[in-house]
Amino acid sequence: MTWAHLSIDLPLFLIRIVIVSFFSIGFIQFFQRLWNKAFDKKDISQNKRWTARILLTLITAGLGTLVHLDAMFFIHNNSAIIYHNWALFILILPLLFGGFSKIETGIQILALVEIWYMHHATNFFQTVPLIAFVIFFAATIILKIYRKKIMKNWSIGTLGAIFISSIFWFTVPKESMGMTFTLEWKIQAVILYTLMITFVLGYWIRQYQEDQRKRQLERLADYERGIEHNSYADHQAELQKLFSDAKQSKTNLSFATFDLDNMKLINNRFGRLAGNKVLSGVSKMMKQILINSNLEYQLFLTSGEEYNIVFPNNKVETILPIVETCWQSIRKSEFAYNERNISVTTSVGLTTIHPEDTTINNIYKRADDALLRSKQYGRDTITLDKKIVSGTKKETKKLSDYCYFAQDIYDVSKAKPNLYYHELLLRTYDSNQERWILPDYFEIPAWMQITLLKEFMSNTEIQNFNLNLTAKQFEDIDVADALTQFAKSSEGPNKLTIEITDLKDSQTTRRISALYRSADIKIMIDDVGSDNSFELVRGALPYVNGMKFAMQNLRKTNSEKELEERVSFWNQIAQEKNLDFILEGVETETDLLMAKKLDIPYVQGYFFGKPAPNNK
């Protein structure tokens with residue numbers, strides 16, 4: 001059957017499609033904004049949200065019915081099918097949105113039933129139309145239940161439009177609402193409705209998915225910002241009371257502030273959950289030591305890695321042995337997390353009440369000054385006011401004190417995982433503990449990095465490497481020059497990638513990336529989704545080559561489903577930007593299966609082994 005056989009004026013028919021699609025898209029956008037106000041926004045009052053919900057019902061059930069009645073009473077030519085189809089569209093639209101109450105949904109479905117009945121009034125109780133009505137009603141319920149799937153699949157929506165419009169129009173009696181519905185009119189009505197829905201869904205689904213992505217980014221941003229607690233302010237009144245009591249009774253009050261060293265580095269390398277495990281372990285250890293001391297004390301955790309201990313009625317000479325016990329216990333302990341043994345040291349500032357002190361802030365300031373001296377001395381030190389009382393100044397590290405460990409990256413795109421890259425992790429040897437540990441700082445000179453890399457290269461066949469740089473190293477032109485010259489030389493590796501965790505501004509990334517590109521060195525952003533939010537990463541994406549998602553950072557704060565959603569989100573960003581994507585933290589067969597399910601080619605984690613030096 002051709003268009004000519006249907007007696008369709010094709011140009012006019014196409015104009016009708018364009019017009020009805022144009023108005024339908026506008027209506028959807030308005031409906032979407034109003035729905036967001038009714039169900040998504042938390043910064044408006046409850047009354048405004050209910051007003052928006054009432055308006056949603058009025059503009060769907062009310063407007064849909066009004067358009068239908070207008071066409072029924074005033075339009076009796078084939079132009080009427082435009083308005084009847086639009087009314088049908090307006091009434092079906094709310095079924096694709098969630099959040100409506102049973103009453104609101106009932107009103108929407110009742111309006112649909114009303115339109116069906118008005119079109120089928122003369123044959124409503126006949127067998128075929130009645131069966132068709134039951135099928136039509138069931139189809140609307142299915143539409144409501146599976147609305148999310150439709151929003152992700154344009155073809156399902158188009159097939160649904162064909163099915164619903166065919167049931168509706170082909171069962172309309174020949175004589176209905178003052179018009180004669182010929183077979184040609186019915187075919188035109190089905191074609192018009194299907195094409196309208198096809199165009200509208202094609203546009204709307206894209207907008208809907210973009211809107212969903214924005215909401216996900218907001219959730220991610222909320223997650224990544226977390227909830228900040230100002231413990232200092234919470235305990236200030238209690239501390240001031242302790243200080244006032246000491247001043248009034250003219251008794252002693254000693255104060256120690258502990259600040260764990262290099263916690264940011266621990267969080268970057270092992271994840272925030274590992275850092276939390278260390279903090280929890282330190283807290284338990286200190287509490288037990290303080291309990292065993294039989295001294296009067298108050299312990300406060302005032303920030304992420306800082307502990308304050310107040311010792312009422314105690315001289316500083318009395319509490320110093322207890323402070324040293326805490327210090328030694330921390331530095332000699334290892335804190336287990338996911339089969340990792342993490343060591344940490346602490347710097348301590350110590351002081352006592354002075355006659356001239358007027359508030360607790362005087363003590364805080366003096367303790368902070370002492371803590372700063374401990375940090376400047378080389379960390380892992382106790383300072384009493386201006387005097388170092390425990391700790392040994394760190395010696396300057398030599399090349400032999402450093403070594404690269406490898407955490408290997410595997411290509412799992414094929415049946416058998418293949419070793420793809422070595423990620424190099426800097427370690428330093430601690431003679432006191434007689435083991436390799438995280439260094440106090442990672443900013444060793446470029447020549448040392450290159451020498452250590454050469455040493456590692458001589459012991460492995462795979463000549464592909466990921467090298468971690470701090471933000472300061474990454475923005476250093478001299479470091480970039482040294483690494484690019486090495487990469488270009490005959491001694492350089494086959495492939496070299498620079499990994500960065502702490503992002504600078506995108507202009508710095510843009511400027512430095514040109515240098516690395518000149519030597520075919522790739523740049524990869526580490527810890528996206530945890531330490532680096534989308535807002536931080538977005539500006540740098542045009543200048544980098546890949547991203548790494550550290551799954552272990554989020555494992556204990558997200559369900560398996562939530563974790564997969566976050567991984568999928570970042571993998572999708574990487575695919576859209578044509579970037580490499582590495583999933584870090586693969587520790588089980590289930591993790592590996594998730595990576596394959598999401599078509600992630602590169603993975604890394606303890607499933608393949610722990611970091612080791614000079615793999616052969």
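In this predicted model, helix α4 and helix α7 (residues 154-170) pack with their axes 10 Å apart and at an angle of about 40°, and the two helices are therefore oblique to each other. On the α4 side the meeting involves Ile115, Trp116 and His119, which face Ile167, Phe168 and Trp169 of α7. Sorted by character, the residues of this contact comprise five nonpolar and one polar, with no charged residue among them.

Helix α4 (residues 102-119) also has a second helical partner, α5 (residues 127-145), and here the axes come within 12 Å and cross at roughly 150°. That angle makes α4 roughly antiparallel to α5, since angles over 145 degrees are counted in that class. The crossing in which α4 passes α5 is right-handed. From α4 the contact draws on Thr105, Ile109, Leu112, Val113 and Trp116, while α5 contributes Pro129, Ala132, Phe133, Phe136, Phe137, Thr140, Ile141 and Lys144. These residues divide into ten nonpolar, two polar and one charged. Trp116 of α4 thus appears in the contact with α5 and also in the one with α7.

Further along the chain there is an open sheet of six strands, in the order β4-β5-β3-β8-β9-β10 and with mixed pairing. Its edges are formed by β4 (298-301) and β10 (387-390), and because each has a single partner strand, one side of each is left without a neighbour in the sheet. From one strand to the next the twist averages 20°. At the β10 edge, strand β9 (residues 382-384) and β10 pair in the antiparallel sense over three bridges, with Leu384 standing opposite Lys387 in β10.

Helices pack on this sheet as well. Helix α11 (residues 272-293) touches β3 (253-260), β4 and β5 (306-312), and the direction of α11 makes about 10° with that of β5. Helix α13 (residues 360-377), in turn, lies across β3, β5, β8 (346-352), β9 and β10, running at about 145° to β8.

Helix α13 also takes part in a charged pairing. Side chains of opposite charge can pair when their charged atoms come close. The structure holds 13 salt bridges, and one of them joins the side chains of Asp261 and Lys375, with an N to O distance of 2.7 Å. Asp261 lies in the loop between β3 and α10 (263-270), whereas Lys375 belongs to helix α13, so the pair ties together parts that are 114 residues apart in sequence.

Key. Residues numbered from 1 in each chain as written. Predicted model: local features only at pLDDT ≥ 70, side-chain atom pairs only at ≥ 80, totals over all residues. Heavy atoms only, no water. Axes fitted to C-alpha atoms, helices over the stretch in contact; angles between N-to-C directions. Helix = DSSP H or I, 4+ residues; strand = E, 2+ residues; numbered from the N terminus. Parallel < 35°, antiparallel > 145°, perpendicular 65-115°, else oblique. Left-handed = near helix turned anticlockwise from the far one by under 90°. Contact = heavy atoms within 4.5 Å. Nonpolar A, V, L, I, M, F, W, Y, C, P; charged D, E, K, R; others polar. Pairing = 2+ DSSP bridges. Salt bridge = Lys/Arg side-chain N within 4 Å of Asp/Glu carboxyl O.
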